[in-house]
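This report describes a protein chain together with its ligand. It begins at the ligand and then turns to the pocket, the overall chain and selected residues.

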Amino acid sequence: MHFQWYPGHMTKARRMMQDNIKLIDIVVELVDARIPYSSKNPDIDDLARGKYRLIILNKADMADAEVTSAWEQYYKEKGFLVAKVNSQKGAGIREVKKLIEEACKEKKEKDRKRGILNRPLRAMVAGIPNVGKSTFINSFAGKACAKTGNKPGVTKGKQWIKINKNVELLDTPGILWPKFEDQAVGLRLAWIGSIKEEILNAPEMAVELTEFLKTCYPGVLTERYAISEEGEGLQILQDIAEARGCLIKGGQVDTEKAALLLLDDFRSLRLGRISLEQPQ
Ligand code: G4P
């Protein structure tokens, strides 16, 4: 599902988050492991003030494992709980449960001191569109999950999934908006396919991607397309077009077609596991 954001959408999403977050003890924030900075919305820091925070580096199966570990460390140092997850396969979910359980113990202790007994820890999943929120919820809650139904008064109209006796999860994830102001961020979101493609120029995106790859993952393009990585980005794209027979009438190279092929190869992991940003 691709999203085009307008100010009205943002205001609505923010209001939903503000309303829901009041009921929550822990915010489970999904980011894409290939772009853990660009897929993270800084506004959530304000919205989630005072809550437990867990960052899920989702789609870890698509990212460079070494770089993902560096990101894990980076966010841990900033005080977040962090887990590397492949929601499609369920990898890392056990670790997530463990981390939530730890937060739960701490909260129970705080509650006990205030004379509150047996109140479950309430969790909410949040993230930008397409980061894997629904997939994660399915994987985390599993088939056995039963909705606890509406609780009059306290959680009117909200559906909670009972994970175990200590933890409940809000069944609707919070949708966060991407950072639009930064062009480099927009480009990375577009590379992974999170921004509507029609509003971007595929050959331009692909040229930028070849430049990135030849610098950060030298040899990858040569291995895949048997081309030289010596030239400029556009030259490389033209070489890919030639190597793959992307031609228009008259025998000229079709850079548009080559661009779409390269982007598809990247998104389908045919270029291998690639991370698009490193922690600074
Ligand atoms: P959202 O609710 O945040 O919008 O995201 P959603 O769960 O719909 O997931 C978006 C896409 O990302 C889906 O693929 C989903 O399968 C995929 N995905 C989610 N988590 C992971 C993960 O950890 N690893 C990988 N490799 N992919 C993941 P899709 O192509 O849109 O649908 P489908 O092909 O799975 O049907």
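**Ligand contacts**

A backbone N or O atom of serine 87 is placed 2.7 Å from an oxygen atom of the ligand. The model is a predicted one, and the distances and areas in this report are to be read accordingly. Two lysine side chains also take part in polar contacts with the ligand. In lysine 133, a polar side-chain atom lies 2.8 Å from an oxygen atom of the ligand. In lysine 59, an N or O atom of the side chain is 3.0 Å from an oxygen atom of the ligand. Taken alone, the ligand exposes 710 Å², and the protein buries 65% of that area.

The three contacts are set out below.

| Residue | Protein atom | Ligand atom | Distance |
|---|---|---|---|
| Serine 87 | backbone N or O | oxygen | 2.7 Å |
| Lysine 133 | polar side-chain atom | oxygen | 2.8 Å |
| Lysine 59 | side-chain N or O | oxygen | 3.0 Å |

**The shell around the ligand**

The ligand is surrounded by 15 residues, of which Asp61, Ser87, Lys133, Ser134 and Thr135 come nearest. By class, this shell consists of four nonpolar, eight polar and three charged residues. Which helix gives the most to the shell around the ligand? That helix is α5, which covers residues 133–141 and supplies three residues.

**The second largest pocket**

The second largest pocket holds about 310 Å³ of space. Its lining is made up of 18 residues, and those nearest its centre are Arg34, Lys59, Met62, Gln88 and Asn130. Lysine 59 therefore has two roles in this description: it is among the residues nearest the centre of the pocket, and its side chain has an N or O atom 3.0 Å from a ligand oxygen. The lining divides into five nonpolar, nine polar and four charged residues.

**The loop between β4 and α5**

Asparagine 130, one of the residues nearest the centre of the second largest pocket, is located in the loop between β4 and α5. Its phi is near 75°, a positive value in a residue other than glycine. Is asparagine 130 buried or partly exposed? It is partly exposed, because its relative accessible area is 33%, which falls between the limits of 20% and 50%.

Glycine 132 belongs to the loop between β4 and α5 as well. Glycine 132 counts as buried because its relative accessibility is 13%, and buried means under 20%. Although glycine 132 and asparagine 58 are 74 residues apart in sequence, their C-alpha atoms are 7.1 Å apart in space.

**The chain as a whole**

The chain has 280 residues, and buried residues make up 47% of them. Its secondary structure comes to ten helices and eight strands. Along its principal axes, the C-alpha trace spans about 80 × 40 × 35 Å.

**Selected residues elsewhere**

Asparagine 118 is a further residue other than glycine with a positive phi, here near 55°. Its place is in the loop between α4 (93–113) and β4 (121–127). With 69% relative accessibility, asparagine 118 counts as exposed.

Asparagine 41 sits in the loop between β1 (26–32) and α2 (44–47). At 2% relative accessibility it is buried. A polar atom of its side chain lies 2.7 Å from the backbone oxygen of tryptophan 177.

Valine 96 is part of helix α4 and counts as buried, with a relative accessibility of 0%. Its C-alpha is 6.2 Å from that of alanine 83, and the two residues are 13 residues apart in sequence.

Phenylalanine 80 lies in the loop between α3 (65–77) and β3 (81–84). Its relative accessible area is 13%, so phenylalanine 80 is buried. From C-alpha to C-alpha, phenylalanine 80 and alanine 141 are 22 Å apart, with their positions 61 residues apart in sequence numbering.

Isoleucine 227 is found in the loop between α8 (220–225) and α9 (233–243). A relative accessible area of 9% makes isoleucine 227 buried. Isoleucine 227 and leucine 47 are 180 residues apart in sequence and 48 Å apart in space, C-alpha to C-alpha.

Notes:
Residues are numbered from 1 along each chain as its sequence is written. This is a predicted model: local features need pLDDT of at least 70, side-chain atom pairs count only at pLDDT 80 or more; totals for chains, interfaces and linings use all residues. Side-chain values use heavy atoms; hydrogens and water are left out. On a 1 Å grid over the protein atoms alone, a cavity is a set of points where a 1.4 Å probe fits but cannot get out, and a pocket is an open set with protein on both sides within 12 Å along at least five of seven lines; lining residues have an atom within 4 Å of a point. Grid points are joined across faces, edges and corners, and a volume is the space filled by probe spheres set on the points. Ala, Val, Leu, Ile, Met, Phe, Trp, Tyr, Cys and Pro count as nonpolar, Asp, Glu, Lys and Arg as charged, and the others, Gly among them, as polar. A residue is near a molecule or strand if one of its heavy atoms lies within 4 Å of it. A polar contact is a pair of N or O atoms within 3.5 Å; within protein, one must be able to donate a hydrogen and the other to accept it, and residues adjacent in sequence count only if both atoms are side-chain atoms. Accessible areas come from the Shrake-Rupley method with a 1.4 Å probe; for residues, only the protein chains shown count as cover. Helices (H or I, at least four residues) and strands (E, at least two) are DSSP runs, numbered from the N terminus. Buried means under 20% relative accessible area, exposed over 50%, partly exposed in between (1.4 Å probe, protein chains only).
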